[in-house]
Every structure is written in C-alpha cells, then in structure tokens.
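Open your viewer and get ready to select residues one stop at a time. Each stop says what to pick and what you will find there.

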Amino acid sequence: MSRFAFRTGIRWKISIAIAAVGALIAVTLSLVVHNAARVSMLDNARDVQMDRVALAQRLYETSKNKDARFGTKLNDPALPRELQDLLKQGRRGTYVRDASNGPPEIWAAVPTTDGNVISLRTTFAGRSATILGDLDRALTIGSVTVVFGGCALGVLIGGQISRRLRKAAAAAATVAAGKTDVRVREAIGGVVRDETDDLARAVDALTDALNERIEAERRVTADIAHELRTPVTGLLTAAELLPPGRPSELVRDRAQAMRTLVEDVLEVARLDGASERAELQEIALGEFVRRRISQLNPDVTVNVVHESWVATDPRRLERILLNLLANATKHGAEPVEVTVEGRVVRVRDHGPGFPEALLREGPSRFRTGASDRAGTGHGLGLTIAAGQARVLGARLTFRNAGEEGAAPLGESGGAVAVLWLPEHAPTDTGSFPVLPVDAG
C-alpha cells in the first residue's frame, strides 16, 4: 500500500524553520517587553498616586478644613479589602485591581491621625495606555519584520543548498546514463565547502569504483571470449568432418550456437568499451530497410509511411534490424510488421509482449525475461541492438502494444521496438557536430 508523500523543496523547509524560530523568539521577547513595560508603568503610576495621597494627607492634617483634596476621598466604602487590612495596621499602601472589561484601577490610601482614611482611585489610561499601545504596535511590526526577514534568509540559504543538490543530482543522472567521465564535484562548483561536497566526492568515488569493476568484468569477458574463439572454431571445423547423421547434425548445431554466442559476447565487450565508431553513409532509410528485411526474412511486412534520407552506418543499422527481427520471430508471434516513418523504424510482433523487467530497466545480457516469452536464448540480441543504437547516436525504446498503447506481459497486442535515428548523425569521434547558431 503506497503512502501519501508531500514533496517540497529544501529551501522552503529551511525558510519555514527559520521563520518559525524567529516568530517564536519575537513573540517571546514581545511578551517579556510588554509585561516589563506594563509593570514599570504601573509602578510609576502607583508612586504618583501615593505622592498625591500623601500631599492630600498633609493638607488635611494641617488645615482646619477637613475635606479631601486633589480628587481624593475620605473613608471611601469601595476601598479594596487588601488596602483595608493594611490600613488597620497603620500602614499606607497602593493596590492595582484588574478590571474584567477595561483598564486596571490604581488605588492609594493613607491613614490620618484622627483615624480616618484618605484614598485615591484612578484608572490606568491616558498617556500611559497610549505609550503601551504604541509599544505593542512597534513590537508587532518588529515581530512581523523578523518573520519575513527569516523567510527571506531561509529562501536565500536554502536556495543555495538546493541549487547545489540539484546540480549534484543532474550530474549523477548523467553518470547513470552512461557518461562516466562527468564529475559530480566539478558540476556543483562553488567556493563554500559543505556536506554537499562530501556527497559529491562519495558519488565520484562510487562511480570510479563501479567503472573499474565494469572495466575489469569487460576485460575478463573479452579475454574469455577470445580464448574460446579458437577452440570453438576448431570444434566447428571438426564437426563438419563427422559422417552424416542425426548425431553429427546435433554436434554441428551446438558448435554453431557456441560460436554465435562467443561472437556476441565479443561484440558486447567492444560496445561496452565505447571504442566503436560509426562509418556514416547517406541512405534512403525506407528503401534500405525494405531491401535488407526482404533478404533477412521475406515473410515480414514492411510499410514505408514516409521516406527520409539519413546519415548512418548501414552495417550497424542492419545489425540492429537483424536482432530485432530475430527477437520478434523467436519470442513473439506472427505477423511481424516493420514500419518506417521518417527517421523512425518500428518493429512489432503479435506475441505476449516484452517482460516488465525489460520495459522498466531496458535489455540486459543473460536475462531473457519470463519463460512464456523468452525461455531460450542469452539476452544478448537486444543488448547488442541497444549498444549499436548508442554508437549510431540513436535511441531504442521498448513497449507493449495495447488498446491504450501499452499493456503488461501476456495481456498485450504484441511487443513494439522503436528505433529513433538522430537528426544529426554522430561524427567519427562518437560525438555530435557543433551546429552554427542562427543569428536571426
């Protein structure tokens, strides 16, 4: 059962992380600053209240008029209980009472010598509230600025890392496509050294190790095939000298099959060594395919939809056609059809189709797929065809024909091999010619 995966870039992950940390720090500091400013302003307001009450007390005790002054009250029944308990001890004090739906109330009270209580009640509003509101707005603007600045910084840092990783991935994909001379470390470039460089060096080291192993296996395969060529040729010559009969035919048939296998292995080794070069000629593709297939298998239908002249190697192209026809005839079912349309050649049979492993990974030597399609053979035919196509600069693809163009093995309308010849043929060095840039 497949799990849902949400894909996002590393730059956005880093930017979100930085923004989240910045927002957390900004909110925490804003709360600390807000509370500290509020406490400081309340303390100043309480001191002011106490000074006013103390002044009112002195005027009350030194004058004959025993009325409260400066907005104070004498024996206010709404005096908070906390202040009442403090005044009973003969002490003065202040008290802040938070209102449920408004600014807090600030109380200040002092006892007089005649046993009365002078108190003052005000609300925390006016200039102090305005200053606190301005401070909150400044903190909010600063927090938002920090969050957006963190996002921008995260995008910048994450973008650089993401760019280097994408370059490394592209270089690794190029190496996986067969261009083993590409170095991932050189592809990512840059002056700063980080973990991306460690990854690139590890990939380069892995590529070198794989190249050495593949080259060693290729040399061993080629050496074994070379060593087998002479005795197999002698065996085939000796088989021709045997007297006529069924046993002699079996010996000659097996000797010929062994010789064909040795030649195929040698050809695969040469193709793997990337030393093969195309000898180009201008040919009419449709006419060439019709003539060669009529010689190889007259029963195959050839349909030329559109003729095209191409620069290619006729010998290698004939080898590809031979292997594709042999595969279709041996593992597919009649009728086998060949269609030429411009630079595209399609070979289709009406058998069970290609195995899923071949469709997914491409042809592989000594792997013949499912027994219902390829119970015999060594898997070299399509491998050689794909290798010769690379020498020609062409592309060889495989699919199964069905109602919607593709179907799994055993449920298809046949196997379809498509050879796409390039518009510009490779040069004798195996590369492609540099075309002039149109100034218009």
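In which helix does Val 27 lie? Select residues 10-62: this is helix α1, and Val 27 lies in it. Keep in mind throughout the tour that you are looking at a predicted model. Val 27 has a relative accessible area of 46%. Because that value falls between the 20% and 50% cut-offs, Val 27 counts as partly exposed. Now add Leu 139 to your selection: 112 residues separate it from Val 27 in sequence, yet their C-alpha atoms are 8.6 Å apart in space.

**Next stop: a loop residue**

Pick Asn 75, in the loop between β1 (73-74) and α2 (81-88). Its phi is near 55 degrees, which is a positive value in a residue other than glycine. Asn 75 is partly exposed too, at 40% relative accessible area.

**Next stop: helix α5**

Select residues 195-240 to show α5, then highlight Leu 235 within this helix. Leu 235 is partly exposed, with a relative accessible area of 39%. Show Ala 255 as well: Leu 235 and Ala 255 are 20 residues apart in sequence, and 6.6 Å lies between their C-alpha atoms.

**Next stop: two packed helices**

Two packed helices are described by the angle between their axes and the distance between the axes. Try this with α7 and α8, whose axes are 11 Å apart and meet at an angle of about 55 degrees. The two helices are therefore oblique to each other, and α7 passes α8 in a right-handed crossing. To see the contact, show Leu 285, Phe 288, Val 289, Arg 292, Ile 293 and Leu 296 on α7, and Pro 314, Leu 317, Glu 318, Leu 321, Leu 322 and Leu 325 on α8. Colour them by type and you will find 10 nonpolar residues, two charged and no polar ones.

**Next stop: the largest nonpolar core**

In soluble globular proteins, nonpolar side chains tend to be buried together. Here the largest nonpolar core has 35 residues, and Val 289, Leu 324, Val 338 and Leu 419 touch the most other members. Several elements supply at least two residues each, including α7 (285-296), α10 (380-391) and β11 (415-420). The largest share, six residues, comes from α8. Centre your view on Leu 324: beyond its neighbours within four places in sequence, it is in contact with Val 347, Leu 382, Ala 385, Leu 396, Phe 398 and Ala 417.

**Last stop: a cis peptide bond**

Finish at Pro 335, in the loop between α8 and β8. A cis peptide bond joins Glu 334 to Pro 335, with omega about 0 degrees.

How values were computed: Residues numbered from 1 in each chain as written. Predicted model: local features only at pLDDT ≥ 70, side-chain atom pairs only at ≥ 80, totals over all residues. Heavy atoms only, no water. Core = buried A, V, L, I, M, F, W, Y, C linked by side-chain atoms within 4.5 Å. Buried < 20%, exposed > 50% of the residue type's maximum accessible area, 1.4 Å probe, protein only. Helix = DSSP H or I, 4+ residues; strand = E, 2+ residues; numbered from the N terminus. Contact = heavy atoms within 4.5 Å. Axes fitted to C-alpha atoms, helices over the stretch in contact; angles between N-to-C directions. Parallel < 35°, antiparallel > 145°, perpendicular 65-115°, else oblique. Left-handed = near helix turned anticlockwise from the far one by under 90°. Nonpolar A, V, L, I, M, F, W, Y, C, P; charged D, E, K, R; others polar.
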